[in-house]
Amino acid sequence: MTSWLGRVLEVEVGAVAHGGHCVARADGRVVFVRHALPGERVRVEVTEDNGGSFCRGDAIEVLSASPHRVPPPCPLAVPGGCGGCDWQHASPDYQRSLKASVVAEQLQRLAGIEREVVVEALDGGPLDWRSRVRLVAGRDGRAGLRAHHSHRVVALDDCPIAVPGELDDVLARRWRPGSELEVTTDGDGEVHVRELSTVRGKVRARQLTGGVAVQHAAGRDWRLDAHGFWQVHPAAASTLAAVVGEWAEAPSGGTAWDLYAGVGLFASVLATQVGAAGHVLAVESGRRAVADGEKNLADLPQVSWQAGRVEHVLASAAKPVDVVVLDPPRKGAGKAVVESIVAGSPDRIVYVACDPAALARDLAFFGTHGYSLTDLRAFDAFPMTHHVECVALLS
């Protein structure tokens, strides 16, 4: 088959798909189109074609625009520009509608669950929210972000979705080409910067400013590794903790598991519910996160920590368990972890997910063990991007 790379097509844009693009068709092939919206007619330049039934492209000209199209607030959110945002050309309300469609489609296709989904906005608006940014230095030493599906670095002068002032110092100087820069603004407004560089095949980390972040959520103050896991949106941690607390309903004196616990955000909520006579097992593979969690929850002796892979730790965990909360990485929990959870016979499972496809696959696994989805909330914790945060309740 002759490659379509570089070919320009005129297409009618169809439904949104998972991943920040829409689906179109040309000459019997599927074309995944970025920078377009459903219902538009566009000219698409094919940017990726590995053969087979589909290719990928960018909408380089809009012939018939959607009423939901708006000018992107960032001049780099265009074809060939920065790959950090997917939906700057859509109004914020419509972005949430697109994300809701994706979540609903993934639930139906992968788990056989028919459900209307609403994606809720978080406080703060669609810009100035990103408190954690990972940059890379290009050949000229300027810091930037990579283009979509590319190693090419697009240098930044500013980033409208980043917390204001967060990147000022990093963007003002030159860096060793290829160095990666982790920038975090904590809950007190302090900026933490770490440089990662590869020397003779080994990655070296150099903390340039800060290092220990202060965060505020779930009625507590937290001190943790500034570059370890914490929710990116400033309003996300407290919002998710509130939903988890509402749905977990861990009984007083009961037992709960907090899996992929991070530094214990949800464990702190569960510990309050089970009380001094109860027990919360917090499982986390990152040893620095476990150490931070133990320090932050030292006033809650009902929380015990285990460092390791979830399925390995749960093999020897005391059973049964009343409630399980899990917040796995983007790839999801997977079949082995699901089986480890259902072996504890929990009455309720609260699943926090940052990828709707992974969530749907795991819900299908849980369904084979008799657990069904009883409630779902979705939050726009990553405005301007295709990412969405979901919380699912299973019983």
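1. Tyrosine 260 has a busy neighbourhood: leaving out residues up to four places away in sequence, Tyr260 touches Val283, Glu284, Val310, Leu326, Asp327, Pro328, Pro329, Ala333 and Val337 (contact means heavy atoms within 4.5 Å). Its place is the loop between strand E16 (255-259) and H4; helices (H or I, at least four residues) and strands (E, at least two) are DSSP runs, numbered from the N terminus.

2. Bear in mind that this is a predicted model, where local features need pLDDT of at least 70, side-chain atom pairs count only at pLDDT 80 or more, and totals for chains, interfaces and linings use all residues. Residues are numbered from 1 along each chain as its sequence is written, and side-chain values use heavy atoms, with hydrogens and water left out.

3. Now glutamine 231, in the loop between strand E15 (220-225) and H3. Gln231 is buried, with a relative accessible area of 9% (buried means under 20%, for a 1.4 Å probe and protein chains only). Neighbours within four places in sequence aside, Gln231 contacts Ser131, Arg132, Ala236, Ala237, Leu240, Asp327 and Glu389.

4. The unreviewed UniProt entry lists Gln231, Tyr260, Glu284 and Asp327 under "binding site"; such annotations may be inferred rather than shown by experiment.

5. As for the helices, H3 (residues 236-248) and H4 (residues 265-274) pack at about 35 degrees, with axes 9 Å apart. Axes here are lines fitted to C-alpha atoms over the stretch in contact, and angles run from 0 to 180 degrees between N-to-C directions. Ala237, Leu240, Ala241, Val244, Gly245 and Ala248 in H3 meet Leu265, Phe266, Val269, Leu270 and Gln273 in H4.

Note on methods: Buried < 20%, exposed > 50% of the residue type's maximum accessible area, 1.4 Å probe, protein only.
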